[in-house]
Amino acid sequence: MRRLEVDDHTADYWVRQIRIGTAIAALGTLIGAIRVALSWDAGSRWWLVPVFAAVAVQIAAIKLPWRRLVRSKLIRRRLLLWWFAEVPILVLFAIADPAGMMVYLPGALLLLITMAALYTPRTVLVFGGLCVLCYVVLLPWQTGAGPATTFFLGGEFATLVGLTAINAQSRRRLESRRRVTEQRAETLLEASADTVLAVGRDGTLKYVSGSIKQLLGFDAAELTGSRVAQVMTADRLGELHDFMNRMLNLPIGQSLRVESRLRNAAGEWVYVDVMGTNWINNPDLQAVVVSLRDIGARRELEQQLSRQAFTDSLTGMPNRVRFRQQLEEAVGDGGEAPVTVLLLDLDDFKLVNDNLGHSAGDELLTTIAERLRAQVRPDDVLARLGGDEFAILLRDLDPADASGLAERLLAAAREPIRLGSRDVTCSLSIGIATLTGMEPDTAGMVAAEQLLGNADLAMYAAKRAGRNAYAIFDPTMTMSVLEEAQQRADIEHALEHEEFLVLYQPVVDMHTQRLTAVEALVRWQHPRDGLLGPYHFIAGAEANGLIVPLGRWVLRQACAQLAQWRAESPAAAGLHVNVNLSARQFQYAGLVDDVAAALADAGLDAASLTLEITESMLMADIETAKDTLHALRRLGVRLAIDDFGTGYSSLSYLKQLPVDVIKIDKTFVDEVHIDEDDVALVDAVAGLGAALKMQTVAEGIETDEQWATLRRLGIDHGQGYLFGRPAEPADIAGMLAANRTADLAGA
């Protein structure tokens, strides 16, 4: 920014000094006129005319627009002529007046002092030297003073000139420091992101920092001196008056902060943070100091964060949090108007992610979202709660009409969707729940939770009914929830009272039928229902999380049993035990520690244990699965892929995984002796196992024909009813003893 040579402060100072000097000069000239009138002879009194004319001119000069004139460097220089012109006038007066020397000395000193208040020390010395020179010439001439007296008085006069020059130098240094300080403050204010205003009591802008150009596009110089109301739009004047009244009522030095918006020079809204401090009673300021900061970027960020917090990023719909808020508002309003919730879940969406990838899954979700949006009314709330779950909030809709909407939604979802090079057809399971006759004082949160829970129960009822359907909530649906809760309690009781037991199914060598391993299979000796197979409780335990402690118990039992067999029979020295891991157990963070503890407590070497994992469990999160498998491998345990061929894995992953055993699913064994396709598949798996140095195990062998075919195809091991059903530990001990006897007889 270009600095003005004469700022407002300097201009005011010059004006004040010039007017004081002019007034003193007029007064001094008037005194001289009185002297002429009283002491001069009549023949010389004609001098009164020019003297009074000079007085009139000097008085008139006081009224000149000096504030504007002194800003001109040329005028400031020409003003020096006034001082230098006064010296010969004083000299002439001193010569003409009998007591002229008495007038000359104070007059010269007044001129010297007024000049020193404005001009440089050099100018003061030059002017003072001229005055001293005239003085030392006039003194002996007018008074007859001798050289010594003249030298002494002239020296004193010169000393006064020197002191005056020194004072002028000090004044200029102080003025220079003031200017530097003010310029530094002005630079800082301009560089600041904040705009600073000083508003007088009457609303006049006494100061405006230059940064207002960046904030509002106005020029600071144009605004300074105007009324702040002139730059405010009419609709904001009330807010301005309220703000100023509140500021003026604050104690001095106290601040008030608000957020507002102002129109810029282009007529656009600018959002600002306003900080005002009351200095109206401060004699140096006498203003309300207001700081303006642009908060447009912050507001935009806050709005963006708000949208992110309440909007689903994939579909642009309200998310779960926003839906819950709107549901609570709807049910909390009271009244007789029904509030209906439809909860929608995509059936088998996980298969799309597993087979086609997550990008295809996202495309499917956005397509379904658009189809759902086309079926609802503009005032209805359609939200994505997360994953493949959507919800619709309906107000003032007859519950009977909700069924018609559900039918339309099911039909829209069933339309084929093109994903890449494939047409995919998906379906919905929809649960419907309605709340009517709410009381105004009913807690909205409680009612919303109840309504959403009822819709959730209805949706699961639709899934249990075969999917691609809708169900309307019925109070009897809570029975299934109670049944699940009861089952959980029963499983917890069974774990606590050791009602579970482990049976062991033999795994044999395909050529010798020698027992090489056993698979641990859990059963539930229910006190009321008798011996229950895994299909009666495994799914429930998986759903409620009890599969983790149950799986841990099975693992420890199996390891302990193998250790007991080895202690009792030398034939069990090479026996292995296989233990299945459930999906939830495989995802459990403490799995590796559980395995290590079970082996340590049983005193088994890790290679004696084989853990079986299904393909679908691996592919749910392949990277995490790889980390878990490698951690288990570092323990030394063997790893097997169970039900191979029924999942969705890529064979490229098989090479990357530390797998020792491939178990061929029973579905490919049932007709392997008569179905060429099954023969080709099993043959390929056998070749794959040989290539990757993995053992192959065929499950579900029940006939000699199956056994012979599998043996011919090169399968290493087998298990099934042909070799033995799941048996008690004592029966396995008998098989081990039979193996031992056969070995001794062969020897």
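**Close-up views of a predicted model**

**View 1. The largest nonpolar core, centred on two leucines with the most contacts to other members.** This core holds 74 residues, and L609 and L611 touch the most other members. The model shown here is predicted. Helix α20, residues 547-568, supplies the largest share of the core, 10 residues. In soluble globular proteins, nonpolar side chains tend to be buried together.

**View 2. The surroundings of L611.** Neighbours within four places in sequence are left aside here. Beyond them, L611 is in contact with L555, V579, L581, V595 and L632. V637, R638, L639 and A640 complete the set of contacts.

**View 3. Another core.** A core of 36 residues lies apart from the largest one. Among its members are A108, L111, Y119 and C131.

**View 4. An open sheet of five strands.** The strand order is β2-β1-β5-β4-β3, with antiparallel pairing. β2 (205-208) and β3 (255-263) stand at the edges. Each has a single partner strand, so one side of each is left without a neighbour in the sheet. From one strand to the next, the twist averages 25°.

**View 5. The pairing of β3 with β4.** β4 spans residues 269-279 and runs antiparallel to β3. Nine bridges join the two strands. One bridge pairs R257 with M275 in β4.

**View 6. Helix α11 on the sheet.** α11, residues 237-248, packs on the sheet. The helix touches β1 (195-199), β3, β4 and β5 (287-294). The direction of α11 makes about 165° with that of β3.

Note on methods. Residues are numbered from 1 along each chain as its sequence is written. This is a predicted model: local features need pLDDT of at least 70, side-chain atom pairs count only at pLDDT 80 or more; totals for chains, interfaces and linings use all residues. Side-chain values use heavy atoms; hydrogens and water are left out. Two strands pair if DSSP finds at least two bridges between them. Helices (H or I, at least four residues) and strands (E, at least two) are DSSP runs, numbered from the N terminus. Axes are lines fitted to C-alpha atoms, for helices over the stretch in contact, and angles run from 0 to 180 degrees between N-to-C directions. Contact means heavy atoms within 4.5 Å. A nonpolar core is a set of buried Ala, Val, Leu, Ile, Met, Phe, Trp, Tyr and Cys residues joined through side-chain atoms within 4.5 Å. Buried means under 20% relative accessible area, exposed over 50%, partly exposed in between (1.4 Å probe, protein chains only).
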